[in-house]
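Thank you all for coming. Before I begin, please bring the structure up on your screens, and then we will go through a few parts of it together.

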Amino acid sequence: MFEILSLPFMQRALVAGTLVGFLSSYYGVFVVQRGLGFLGSGLAHAAFGGVALGILLNQEPLWIAVPFTVIVAIGITYVKDRTNLGSDTTIGIFFSVSMALGIIFIFLKRQYTSDAFNYLFGSILSVTITDIIFSTILVLITILLSPFWKRWAYSSFDRELAQADRIPVQLDDYLLSILIAVTIVVSIKVVGIVLIAAFLVIPPATSRLINKSFSKMTFSSIIIGVLTALIGLWISYYMDVPSGATIILLQASLFFIVMIIRSTKR
Amino acid sequence: MSPAIEIKNLSLSYGDIIVLENIELTISKNSFVSIVGPNGAGKTTLMKILLGLIKINSGNVKIFGKLPNEVDPAFIGYVPQIKTMDRSFPALAIELVTSGITRRWPWFVKGHEKQKSLEALSLVKATNLANRTLSELSGGELQRVCLARSIVRNPKLVVLDEPATGIDAIGEADLYNLLEAYQEKSGATIVMITHDWHVANHHSDFVLLLNRKQVSFGPPAEALSEENLRIAFGHIGHLHKSKLINN
């Protein structure tokens with residue numbers, strides 16, 4: 001059972017899973033509480049566009065996906081801020097454009113590439129040391145920016161109250177969008193583009209069911225995200241099934257179990 | 001000594017749409033002022049200008065002698081409309097009150113913050129609500145907690161946006177009693193938006209009657225005259241209300 005720990009690719013995958021579990025679950029609490037679940041899908045599909053562009057240009061796809069996805073995140077935030085369009089409409093527009101661009105880029109490649117499908121569904125075999133370093137840097141940035149949690153939580157509760165207390169809510173919107181965008185990109189290899197949005201939503205949603213305060217919700221969301229990532233990777237190895245799907249199914253199972261237990265206790 | 005609020009020739013428009021026009025008034029410290037007007041009169045906009053949330057096109061607004069966005073937020077306690085508040089947000093009442101002290105959301109409530117928050121809750125007779133979640137509170141209870149939050153820093157100006165919305169008559173009466181008690185204790189200036197002329201008449205030192213323009217500003221008996229109400233609302237409502245005001 002523990003022999004997988006001696007396998008280099010699993011070691012990398014487990015480290016990556018821990019880092020990705022932390023990041024997605026931490027930023028996911030803001031996604032859930034602000035009703036931005038669709039943002040995860042939108043940015044994931046933006047990441048697809050970036051990955052496809054990277055494949056077309058014969059560059060490391062994730063290095064292209066990061067700026068591409070960040071630009072889309074900024075674009076979504078900007079259009080939402082400047083128009084009276086709802087979040088879902090704005091995200092839907094960028095989602096569609098990114099996906100369409102991704103399809104065209106893959107088509108222009110003019111040759112079969114399995115890379116695109118690996119990024120769509122995740123591939124723990126392809127997690128590299130570079131990916132881990134990049135994820136670690138993002139975790140360190142997140143920890144450095146941890147004082148911002150208080151501002152983001154405040155404006156998640158009531159934007160106007162936060163503005164009245166001189167919190168730069170618009171600047172924070174951009175910052176949060178960018179960090180979520182980068183989180184999605186670093187998570188792609190573990191979970192896959194198709195399912196990463198679920199990773200942003202399910203652990204915080206589960207945590208929300210069992211916590212009365214936002215700080216405890218954040219803390220337990222991280223615990224749930226990291227544990228389900230590790231256990232999911234472990235299960236996927238032994239069952240020889242895609243890791244991303246396994247992790248998400250495990251998270252969803254936990255969510256429904258918690259929901260049922262909570263309902264029976266009422 | 002500067003007044004609490006000084007507004008000179010304030011106007012605000014968005015393109016061709018005039019939101020506020022030529023507002024001019026001075027509110028002295030320790031006053032209780034109601035802003036009354038129909039829907040779309042610009043009441044909430046005016047309140048947001050006072051809070052520094054909206055920039056004006058022309059005119060001058062000073063809060064304690066400073067521009068609104070230069071005033072230390074600790075000087076101002078704000079009670080938003082509870083109907084716009086996210087009650088599904090996972091939070092305890094004590095955390096909401098503590099956010100009024102720290103001007104940030106608390107990761108955890110520290111000892112001295114808890115003490116101050118409980119003191120504020122006791123002023124509004126809501127200490128028993130400290131460990132309830134926002135979703136467990138009734139409208140009136142949430143309003144009390146929001147009021148506690150607004151006064152926890154002993155502000156010199158308390159601004160309330162339709163505080164009676166969503167609460168019953170008893171809760172409403174309690175709320176105004178608590179406001180007046182706080183004002184008496186602290187000497188704070190109170191500015192309240194309300195639709196209810198009777199409330200404005202009964203509780204206010206001064207009333208600003210607004211319908212984009214300043215219809216009147218003064219003691220309730222003058223500001224809420226039949227003629228002024230007709231100008232502001234297009235009618236004077238039920239006859240018994242106007243009789244109450246004129247008596």
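Let me begin with a question: in β7(B), which residue is the bridge partner of Leu157(B)? Please keep in mind, while you look for it, that what you see is a predicted model. The partner is Thr189(B), and this pair belongs to a longer arrangement, since β6(B) and strand β7 of chain B, which covers residues 189–194, pair in the parallel sense over 5 bridges.

Strand β6(B) has a second neighbour to consider, namely strand β5 of chain B, residues 76–79, which pairs with β6(B) in the parallel sense over 4 bridges. If you would like a place to look in that pairing, find Gly77(B), which stands opposite Val158(B) in β6(B).

Now, are the residues of β6(B) buried or exposed? Of the 5 residues in this strand, which runs from 157 to 161 in chain B, 5 are buried, and therefore the strand is largely enclosed by the rest of the structure. In a regular strand, side chains alternate between the two faces of the sheet. Here Leu157(B), Val159(B) and Asp161(B) point one way from β6(B), while Val158(B) and Leu160(B) point the other way, and all of them are buried.

Elsewhere in chain B there is a hairpin, in which strand β8, residues 206–211, and strand β9, residues 213–218, run antiparallel and are joined by 5 bridges. Within it, Leu210(B) stands opposite Gln214(B) in β9(B), and between the two strands there is 1 residue, Arg212(B), with a positive phi near 70 degrees.

A positive phi also appears at Asn30(B), at about 65 degrees, although this residue is not a glycine. Asn30(B) sits in the loop between β2 and β3 of chain B, and, with a relative accessible area of 41%, it is partly exposed. In chain A, Asn58(A) has a positive phi near 55 degrees, and it too is a residue other than glycine. Asn58(A) is found in the loop between α2 and α3 of chain A, and it counts as exposed because its relative accessibility is 60%, where the cut-off is over 50%.

Let us stay in chain A for Gly54(A), a residue of helix α2, which covers residues 37–56. Gly54(A) counts as buried because its relative accessibility is 0%, and, leaving out residues up to four places away in sequence, it touches Gln59(A), Pro61(A) and Ile64(A).

Finally, I would like to turn to where the two chains meet. How many residues does each chain bring to the contact? Chain B brings 29 residues and chain A brings 25 residues, and the area buried between them is about 2,500 Å², with carbon and sulfur atoms giving 61% of it. On the side of chain B, Pro90(B), Trp105(B) and Trp107(B) supply 29% of the area that this chain buries against chain A, which is more than any other three residues supply.

There are also 4 salt bridges across this interface, one of which joins Glu160(A) to Lys48(B), with the closest N and O atoms 2.8 Å apart. In addition, 12 residue pairs are in polar contact across the interface. As for the side of chain B that touches chain A, its residues divide into 17 nonpolar, 4 polar and 8 charged.

Note on methods. Residues numbered from 1 in each chain as written. Chains lettered and ligands numbered in written order. Predicted model: local features only at pLDDT ≥ 70, side-chain atom pairs only at ≥ 80, totals over all residues. Heavy atoms only, no water. Contact = heavy atoms within 4.5 Å. Buried area = accessible area lost by both parts, 1.4 Å probe. Salt bridge = Lys/Arg side-chain N within 4 Å of Asp/Glu carboxyl O. Polar contact = N/O pair within 3.5 Å; in protein donor to acceptor, adjacent residues only side chain to side chain. Nonpolar A, V, L, I, M, F, W, Y, C, P; charged D, E, K, R; others polar. Buried < 20%, exposed > 50% of the residue type's maximum accessible area, 1.4 Å probe, protein only. Pairing = 2+ DSSP bridges.
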